[in-house]
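Pull up the model and keep the sequence beside it. We'll walk through the open spaces first, then the strands and a couple of individual residues.

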Amino acid sequence: MAHDPRDLDDAFLAFWRERHISTLTTRRPDGSPHVVPVGVTYDPKTGIARVITSRTSRKARNVAEAGPEGQRVAVCQVDRARWSTLEGVAVVRSEPDEVADAERRYAERYREPRVNPDRVVLEITVDRVLGRA
């Protein structure tokens with residue numbers, strides 16, 4: 001079921017604030033899917049989803065290697081019959097302020113992230129929302 005990303009109801013947004021592990025799907029250079037578990041935060045006001053990771057991770061390299069225009073990705077979470085997928089274009093952000101903001105958001109939804117001097121943020125501009133929450 002598709003939803004308007006600019007008009008998500010309270011129950012749907014609450015689902016994205018609950019503590020759930022998600023999957024992130026990126027494309028490897030050969031075009032094959034790379035799917036890994038991640039923590040993700042979603043800001044419905046800006047339409048941005050964020051995944052913190054190390055700059056050397058395969059997921060970060062996949063997005064970086066796509067170039068400055070980014071790579072189309074999907075994050076998905078499931079809880080029994082409730083599920084949601086956020087799709088959009090991801091870019092790698094390494095600016096200290098952006099990383100600190102993403103770490104703060106992650107701590108609010110999950111827990112304080114471990115120290116990682118190589119941390120970057122996969123910033124996803126969400127343009128498609130699917131699900132039943």
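The largest pocket holds about 270 Å³ of space, in what is a predicted model. Its lining is made of 17 residues, and if you want to find the middle, look for I52, Y106, R111, R114 and R119, which lie nearest the centre. Two elements give two or more residues to this lining: β3 (33–38) and β5 (48–54). Of these, β5 has the largest share of the lining, with four residues. What is the chemistry of the lining of the largest pocket, by class? It divides into eight nonpolar, four polar and five charged residues.

Next, move to the second largest pocket, with a volume of about 170 Å³. Here the lining consists of W16, R17, T41, Y42, D43, R105, E108 and R109. Strand β4 (41–43) and helix α3 (96–109) are the elements that give two or more residues to it. By class, you'll find five charged residues in this lining, along with two nonpolar and one polar.

One of the residues lining that second pocket is D43, so let's stop there for a moment. D43 sits in strand β4. Is D43 buried or exposed? Its relative accessibility is 11%, and because buried means under 20%, D43 counts as buried. Its side chain makes a polar contact with the side chain of T46, at 3.3 Å. Leaving aside residues up to four places away in sequence, D43 also touches I48, R50 and R105. R105 turns up in the lining of the second largest pocket as well.

There is also a cavity to look for. Counting those of 30 Å³ or more gives one cavity, and the largest cavity holds about 30 Å³ of space. Which residues line the largest cavity? They are G39, T41, R50, V51, I52, A102 and Y106. Some of these names are familiar: I52 and Y106 are among the residues nearest the centre of the largest pocket, T41 is in the lining of the second largest pocket, and R50 is touched by D43. Both β5 and α3 supply at least two residues of the cavity lining, and the largest share, three residues, comes from β5. By class, the cavity lining has four nonpolar, two polar and one charged residues.

Now for the strands. Follow β2 (residues 22–27) and watch the side chains alternate: S22, L24 and T26 point to one face and are buried, while T23, T25 and R27 point to the other and are not. This strand has β3 as a partner, running antiparallel and joined to it by six bridges. To check the register, find T26, which stands opposite H34 in β3. The two strands form a hairpin with five residues between them, and G31 in the turn has a positive phi of about 90°. Strand β2 also pairs with β6, again antiparallel, through four bridges. On that side, T25 has A74 in β6 as its bridge partner.

Last stop: the loop between β6 (71–79) and β7 (82–93), where you'll find R80. Why give a backbone angle a second look? Most residues other than glycine have a negative phi. R80 is not a glycine, yet its phi is positive, at about 55°. As for its surroundings, R80 is exposed, with a relative accessible area of 81%.

Note on methods:
Residues are numbered from 1 along each chain as its sequence is written. This is a predicted model: local features need pLDDT of at least 70, side-chain atom pairs count only at pLDDT 80 or more; totals for chains, interfaces and linings use all residues. Side-chain values use heavy atoms; hydrogens and water are left out. On a 1 Å grid over the protein atoms alone, a cavity is a set of points where a 1.4 Å probe fits but cannot get out, and a pocket is an open set with protein on both sides within 12 Å along at least five of seven lines; lining residues have an atom within 4 Å of a point. Grid points are joined across faces, edges and corners, and a volume is the space filled by probe spheres set on the points. Ala, Val, Leu, Ile, Met, Phe, Trp, Tyr, Cys and Pro count as nonpolar, Asp, Glu, Lys and Arg as charged, and the others, Gly among them, as polar. Buried means under 20% relative accessible area, exposed over 50%, partly exposed in between (1.4 Å probe, protein chains only). A polar contact is a pair of N or O atoms within 3.5 Å; within protein, one must be able to donate a hydrogen and the other to accept it, and residues adjacent in sequence count only if both atoms are side-chain atoms. Contact means heavy atoms within 4.5 Å. Two strands pair if DSSP finds at least two bridges between them.
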